[in-house]
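The following exercises concern one protein model. Please work through each task before reading its solution.

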Amino acid sequence: MISNCLKINHAGHLEISGCDTVELAEQYGTPLYVMSEDQIRETCRRYVASFAKNYNGHGKPIYASKAFSCKEIYRIVLSEGLDVEVVSGGELYTALQAGVPSSQIHFQGNNKSTGELTMALENGVGDIVVDNLYELECLEKLAAQRNMTASISFRIKPGIDAHTHEFIRTGQIDSKFGLDLASGEALDALRQAKEMQHIAVKGLHCHIGSQILECAPFVHAAEVMLDFYGKIRNELGMTFEHLNLGGGFGIHYTENDDAIPYENYMEAVSSMVHSKCQELNLELPRIFIEPGRSIVGEAGITLYSVGAIKEIPGVRNYVAIDGGMFDNPRYALYQSAYTCLVANKADKPADYIATIAGKCCESGDLIQEHTPIQKPESGDILAVLSTGAYNYSMASNYNRNLKPACVMVSNGNSRIVIKGETYEDLIRNDV
């Protein structure tokens, strides 16, 4: 199995954290998101331990909650010693309602609205990550109106092209995110911020992309950012409390993904951070990273019921499920690979080549194409693995389908953490 929380039980069924997935489907219905609390907590602890080892605790991991946002996940990561990153007013509101202290919230986003910036200021968000000059000027004005000082960091484009899909690369020059390093835009922004009365620059931030399966880009990003840190100190006389090196650590979606243990990333980056700080005579800043997918991705699966099966000789076999792009749009967006299996036949050979088709009125509503699964029958339970990240978060009501429930499982027990929608929910805001 590609995830530690999964196994095949004595009944030949797929099991997650001690819970039989067939029984979960019967109890809660399908489609159903299932998250392993055990694995989430284990991964959080590995990250926290790596900071203790590599930085003597001088820093911490921040959960990038765009991967999966709800009140319960905020409670879990907070209890494991992580801060929280949000990217919208909605995520910020959810985190605050879950009890996350505002001082432990980092607010990202490339086009925060005036309302969102006001919300962050009035709630005392500890780190507003400024993306552009327009936002900097807006934040200075809003803070001045309230006689407040906004604690910020700047998102920098380090000019690093991570080896990942073009839609999820964010650190290169051609990106909608951040201030450009090469052109001098980032330095100009810091020069302006230094003169502002209601802005306190606490740190620098970068993020080079997602689902990265090698250490070198992260190491290079740390090198580039610390060189810039030294340049700012020498030219502007500014120093910072922290350096946020972002996230993007790859996970296993299939057996072909050569995901590196998180500790290896941390050790390699730490070596560069320490040596570069020594070289430039810099005081070691607090180091932050922002794992999101790597905390929840492999901890989640989605369960579906198999409906119609259409076998087109010499073409393909369509296996239709009761979900689709409304609960997992990632294949339609960028052809994301997944591992699929028939949960109630998990001990059988995966010798049937299927195209998993959703129920939406779109030809492109597919979850996987030409993927091996156990021979299916209508009524079987199909499991799609590693769906803990960017599935519930990206779900929609397309075709007025209902967003599924999410259950958290631990040591053989399950509980609802997000209720499934009802038809009444669909029309709640109609007039």
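**Exercise 1. Determine whether Phe228 is buried or exposed, and describe its surroundings.**

Solution. Phe228 has a relative accessibility of 5% and therefore counts as buried; buried means under 20% relative accessible area, exposed over 50%, and partly exposed in between, with a 1.4 Å probe and protein chains only. The model is predicted: local features need pLDDT of at least 70, side-chain atom pairs count only at pLDDT 80 or more, and totals for chains, interfaces and linings use all residues. Residues are numbered from 1 along each chain as its sequence is written, and side-chain values use heavy atoms, with hydrogens and water left out.

Next, locate the residue: Phe228 lies in helix α8 (helices are DSSP runs of H or I with at least four residues, strands runs of E with at least two, numbered from the N terminus). Then list its contacts (heavy atoms within 4.5 Å). Leaving out residues up to four places away in sequence, Phe228 touches Ile156, Leu181, Ala186, Leu187, Leu190 and Leu204. One of these, Leu181, is 47 residues away along the chain, with 8.3 Å between the two C-alpha atoms.

**Exercise 2. Identify which residues touch the most other members of the largest nonpolar core.**

Solution. A nonpolar core is a set of buried Ala, Val, Leu, Ile, Met, Phe, Trp, Tyr and Cys residues joined through side-chain atoms within 4.5 Å. The largest has 107 residues, and the members touching the most others are Ile40, Ile152, Phe154, Leu190, Leu204 and Val296. Helix α8 (residues 216–236) supplies the largest share, eleven residues. Now examine Leu190: beyond four places in sequence, its contacts include Phe154, Leu204, Phe228 and Ile232. Finally, a second, separate core of 21 residues includes Leu6, Ile301, Ala383 and Val409.

**Exercise 3. Establish where Ser69 lies and which side chain makes a polar contact with its own.**

Solution. Ser69 is in the loop between β5 (59–64) and α3 (71–79). Its relative accessible area is 16%, so Ser69 is buried. The side chains of Ser69 and Tyr74 make a polar contact of 2.9 Å. Such a contact is a pair of N or O atoms within 3.5 Å; within protein, one must be able to donate a hydrogen and the other to accept it, and residues adjacent in sequence count only if both atoms are side-chain atoms. Setting aside residues up to four places away in sequence, Ser69 touches Tyr74, Glu91, Thr94, Tyr392 and Ser393.
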